[in-house]
Amino acid sequence: MLDHIYITHRPLMFHIAYRMLGSVSDAEDIVQDVFSQYMQMDRDGIVNDRAYLAKMTTNRCLNLLKSARRVREAYMGPWLPEPLPADVGTGTHDFAERRENIGYAYVVLLQRLSPLERAVYLSREALGFEYRDIAGMLDKTEVSCRKIFSRARNKLLEATDNKPNRMRRKTAQATEQTERIRMADTPTESQEQFVEAFMRACDTGDFKPLLSLLMDEVTLLSDGGGKVRAALNPIRGIDRVRAFYEGLAAKGVFREGFEAVSINGEPGIARRDDGVVTMVITTEREPEAPAYGRFTWC
């Protein structure tokens with residue numbers, strides 16, 4: 001019985017924890033800790049295992065985020081969520097379940113929300129819980145949860161809107177707004193184009209065709225996880241990004257080890273050293289733009 005509950009609800013628990021925390025290892029730990037606690041509980045009064053495990057996972061994530069707040073504030077340089085390469089986990093089927101609706105750009109966007117906004121937004125939009133259930137999970141009123149959800153959705157919309165001065169209708173565009181936020185989670189053929197261009201550049205040493213795919217106002221974000229060197233500030237503009245590439249190429253960074261992989265279910269690039277993923281590159285096309293406006297380097 002417990003094995004069936006674990007197998008059935010583990011993907012859901014991982015989805016919640018990974019979206020909330022942006023860390024694969026922390027999400028795995030949360031799932032194990034929550035289920036270990038669940039196994040020791042008197043479960044006779046639990047009517048809905050899915051909702052109860054979702055509540056436990058969400059609240060455990062909120063507690064962890066609160067305790068990690070000071071560490072995050074003192075972090076050197078941009079903090080990026082941990083990418084999820086295709087071989088992370090215990091098997092292909094397990095990963096196929098995990099990666100559903102957790103594209104990397106979407107996870108990055110979620111980090112713009114406060115922990116509470118993230119919890120409410122994910123519970124409502126990604127998991128489909130009713131407001132009364134969310135209120136019970138988070139010890140809030142339904143009215144409060146509705147307001148928090150609306151605020152979170154507006155924040156995400158602003159982050160994906162390349163026309164910040166455009167006037168928006170509040171009610172009529174609610175469905176359109178949600179769909180635009182989801183677009184950050186949609187794999188595209190253009191991402192494969194970038195991956196192919198990057199791999200050719202690594203083989204030939206000529207990065208001009210790759211750079212031609214980037215917008216003049218492109219932004220590069222890099223995060224070394226506090227373990228390796230990375231740019232402390234975002235690199236903005238095609239000229240500075242070109243200099244960044246040329247500097248790395250001169251050091252021999254692109255000579256070997258890179259391969260096309262699936263990152264959060266989307267085309268991406270990874271470098272392996274002795275079989276271990278040590279670098280991941282993902283891209284994001286700006287809405288309605290013919291070229292890439294941002295890519296991340298982890």
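Let's start with aspartate 26, which is partly exposed at a relative accessible area of 32%. By partly exposed I mean the range between buried, under 20% relative accessible area, and exposed, over 50%, with a 1.4 Å probe and protein chains only. The areas themselves come from the Shrake-Rupley method with a 1.4 Å probe, and for residues only the protein chains shown count as cover.

A quick word on the ground rules, friends. This is a predicted model, where local features need pLDDT of at least 70 and side-chain atom pairs count only at pLDDT 80 or more, while totals for chains, interfaces and linings use all residues. Residues are numbered from 1 along each chain as its sequence is written, and side-chain values use heavy atoms, with hydrogens and water left out.

Back to aspartate 26, which is found in helix H2, residues 24–39. Helices here are DSSP runs of H or I with at least four residues, numbered from the N terminus. Which residues join Asp26 in a negative surface patch? They are Asp29, Asp33 and Glu82. For a patch, residues need over 30% relative accessible area and no salt bridge, and like charges are joined within 9 Å. Asp and Glu count as negative, and the place of the charge is CG of Asp or CD of Glu.

Now the salt bridges, and the structure holds seven of them. The criterion is a side-chain nitrogen of Lys or Arg within 4 Å of a carboxyl oxygen of Asp or Glu. Take arginine 10 and glutamate 28, with their closest N and O atoms 3.0 Å apart. This pair links distant parts of the chain, since arginine 10 sits in helix H1 and glutamate 28 in helix H2, 18 residues apart. Are these partners buried or exposed? Arginine 10 counts as buried at 11% relative accessibility, and glutamate 28 counts as buried at 16%.

Next, arginine 151 and glutamate 117 meet through their side chains at 2.8 Å, N to O. Arginine 151 lies in helix H9 and glutamate 117 in helix H7, so this salt bridge ties together parts 34 residues apart in sequence. Arginine 151 counts as partly exposed, at 41% relative accessibility, whereas glutamate 117 is buried at 3%. There is also a network of salt bridges here, linking Glu117, Arg151 and Lys155.

Arginine 153 lies in helix H9 too, and at 14% relative accessibility arginine 153 counts as buried. The C-alpha atoms of arginine 153 and glutamate 117 are separated by 9.0 Å, with their positions 36 residues apart along the chain.

For a local example, look at arginine 242 and aspartate 239, whose side chains form a salt bridge at 2.8 Å, N to O. They are three residues apart in helix H13, residues 238–250, and therefore separated by about one helical turn. Arginine 242 is partly exposed at 30%, and aspartate 239 is exposed at 53%.

Finally, the inside. In soluble globular proteins, nonpolar side chains tend to be buried together. A nonpolar core here is a set of buried Ala, Val, Leu, Ile, Met, Phe, Trp, Tyr and Cys residues joined through side-chain atoms within 4.5 Å. The largest has 49 residues, and Tyr18, Met20 and Tyr121 have the most contacts inside it. Among the helices supplying at least two residues each are H1 (2–21), H2 and H9 (142–160). H1 gives the largest share, nine residues. A second, separate core has 24 residues, including Ala197, Leu210, Leu211 and Phe254.

How values were computed. Patch = residues over 30% accessible without salt bridge, like charges linked within 9 Å, V, L, I, M, F, W, Y side chains within 5 Å.
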